[in-house]
Amino acid sequence: MNNHVSVLEIDANAVLHNLKYFQQKLQPTTKIMAVVKAFGYGSDAVEIAKIIQDKVAYFAVAYTQEGIALREAGIKTPILVLHPQLQNLEALVQHYLEPNLYNFTILEAFLKMADEMPLMNYPIHIKFNTGLNRIGFWHTDVPVLLSILKASNNIKIQSIFSHLAASDDPNEENFTTNQINNFAFIVKQMYDHLDNEPMIHILNTSGIINYSKAQFDMVRLGIGLYGFGNDENVTSELKNVVTLKSVISQIMTITPGETVGYNRAFVAKDPTKTATIPIGHADGISRKLGNGKGYVLINNQKAPIIGNVCMDMIMVNITNIDCKEGDEVVVFNSQQMIEEIATKCETIPYETITAISQRIKRFVIR
Ligand SMILES: *Cc1c(COP(=O)(O)O)cnc(C)c1O
């Protein structure tokens, strides 16, 4: 099966390098939960998990189905499902995935099922909302929550966690410090009444970089694993993980007055040589990159995208580039290029890399 033309290369050594970088920043006793949700931030969750499974304590995914995919690929590491849904709880347990129970609705549903099955000491995680206001129990829920949790031996609280809203923003230092302090206070109240001491975690990638004092027992490393540190200095110490490549399908030479692509958006002023590349907005190349805003690299030279981005193709200007049909095209191969694309699309690298569609074949480079 060597017939795919657009490919996403995943650099295994870069993943290992990035993991090591963060490990060295942390206390030797701090565990790492590697976040591989959304197909490993658009790369390949199973491949990422295989590369680092012996080196991390936990994996985290957003949804049950993502955890099942890891289990079906043979991953044995504990997996936290950050946002399990009521209708998936049975499947979750069947695959020995560990649910985040984030409110009374899902906690009670899980306890009911756990009692019926029955489960014994099944590992679960409790999330508190400390200011992101997305999912999680409130501080004021602690007494009722404790009474429910203590009444069940079907479950075992494996960890208590929260999530920072603005760990990457120095202007929000007061808010973030407050989140951390409030979380520590909640944890103390929980510890005072629980028989065991569950693991504690609140830091994501930028939390590790900016608030390392709050590393507690574990950190949740997401974007950093894929090479982005939210700060130029850190990013420059990380290695780029994903490289998006394609090939030239066809080269055309058009005369002045002729146009390229839908709605004739590009009008040639001079004789123009174009290359058509088999990758389009259905593959994650935003239409915002059309009409000269974005470019690809062909033989290390910038070839601007001309006209509108099509669903399955883009056309680029190669008038001054020496190349031929079948030559390699680089859509991005560095964090800087990904950041540049994100900026042009008015977004952040998280969205740019997770947008790469599943139609694009993934390859691991070792
Ligand atoms: C996605 C996510 C993370 C990882 O965040 P990064 O900024 O990518 O490190 C951590 N915790 C939770 C709850 C998340 O949803």
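A cavity is a set of grid points where a 1.4 Å probe fits but cannot get out, and its lining residues have an atom within 4 Å of a point. With that in hand, the empty spaces of this predicted model can be read.

**Overall build**

The protein has 366 residues, and 53% of them count as buried. Its secondary structure comes to 12 helices and 19 strands. The C-alpha atoms fill a box of roughly 80 × 45 × 35 Å along the principal axes. Contacts often join distant parts of the chain. Among contacts with a separation of 6 or more, 66% involve residues 24 or more positions apart.

**Enclosed spaces**

Rolling a probe the size of a water molecule over the atoms shows where empty space is left. Here there are 2 cavities of 30 Å³ or more.

The largest cavity holds about 90 Å³ of space. Its lining is made of I285, L289, G294, Y295, V296, I305, I314, V331, M337, E340, I341 and K344. Strand 15 (295-298) and helix 11 (335-344) are the elements that give two or more residues to this lining. Helix 11 has the largest share, with 4 residues.

The second largest cavity holds about 40 Å³. K127, F128, N129, T130, L132, N133, R134, I135, S162 and H163 line this space.

**The open pocket**

The largest pocket has a volume of about 850 Å³. It is lined by 37 residues, and K37, Y41, H163, N204 and Y350 are the closest to its centre. H163 also appears in the lining of the second largest cavity. Several elements each supply at least two residues of the pocket lining: helix 2 (37-41), helix 9 (205-210), strand 9 (218-221), helix 10 (232-237), helix 11 and helix 12 (349-354). Helix 10 gives the most, with 3 residues.

The table sets out the three linings by residue class.

| Space | Volume | Nonpolar | Polar | Charged |
|---|---|---|---|---|
| Largest cavity | about 90 Å³ | 9 residues | 1 residue | 2 residues |
| Second largest cavity | about 40 Å³ | 3 residues | 5 residues | 2 residues |
| Largest pocket | about 850 Å³ | 17 residues | 12 residues | 8 residues |

**A helix pair**

Two packed helices are described by the angle between their axes and the distance between the axes. Helix 6 (residues 104-116) and helix 7 (residues 142-150) pack at an angle of about 10°, with their axes 12 Å apart. Angles under 35 degrees count as roughly parallel, so helix 6 and helix 7 are roughly parallel to each other. Helix 6 makes the contact with F104, L107, E108 and L111, while helix 7 brings V144, L145, I148 and L149. By class, this contact has 7 nonpolar residues, no polar residues and 1 charged residue.

**Two buried strand residues**

A60 sits in strand 3 (residues 58-61). Its relative accessibility is 0%, so A60 counts as buried. Leaving out residues up to four places away in sequence, A60 touches M33, A34, V35, V36, K37, L80 and L82. One of these, K37, is also among the residues closest to the centre of the largest pocket. A60 and A214 are 154 residues apart along the chain, and their C-alpha atoms are separated by 19 Å.

T243 belongs to strand 10 (residues 242-247). Buried means under 20% relative accessible area. T243 has 14% relative accessibility and therefore counts as buried. Neighbours within four places in sequence aside, T243 is in contact with V7, L8, E9, F332 and N333.

**Backbone details in the loops**

The peptide bond from M117 to P118 is cis, with omega near -15°. P118 lies in the loop between helix 6 and strand 6 (122-127).

N133 has phi near 55°, a positive value in a residue other than glycine. N133 is placed in the loop between strand 6 and helix 7. At 52% relative accessibility, N133 counts as exposed. N133 is also one of the residues lining the second largest cavity.

N291 has phi near 55° too, again a positive value in a residue other than glycine. The loop between strand 14 (272-277) and strand 15 holds N291. N291 has a relative accessible area of 44%, so it is partly exposed.

Key
Residues are numbered from 1 along each chain as its sequence is written. This is a predicted model: local features need pLDDT of at least 70, side-chain atom pairs count only at pLDDT 80 or more; totals for chains, interfaces and linings use all residues. Side-chain values use heavy atoms; hydrogens and water are left out. On a 1 Å grid over the protein atoms alone, a cavity is a set of points where a 1.4 Å probe fits but cannot get out, and a pocket is an open set with protein on both sides within 12 Å along at least five of seven lines; lining residues have an atom within 4 Å of a point. Grid points are joined across faces, edges and corners, and a volume is the space filled by probe spheres set on the points. Ala, Val, Leu, Ile, Met, Phe, Trp, Tyr, Cys and Pro count as nonpolar, Asp, Glu, Lys and Arg as charged, and the others, Gly among them, as polar. Buried means under 20% relative accessible area, exposed over 50%, partly exposed in between (1.4 Å probe, protein chains only). Contact means heavy atoms within 4.5 Å. Axes are lines fitted to C-alpha atoms, for helices over the stretch in contact, and angles run from 0 to 180 degrees between N-to-C directions. Angles under 35 degrees count as roughly parallel, over 145 as roughly antiparallel, 65 to 115 as roughly perpendicular and the rest as oblique.
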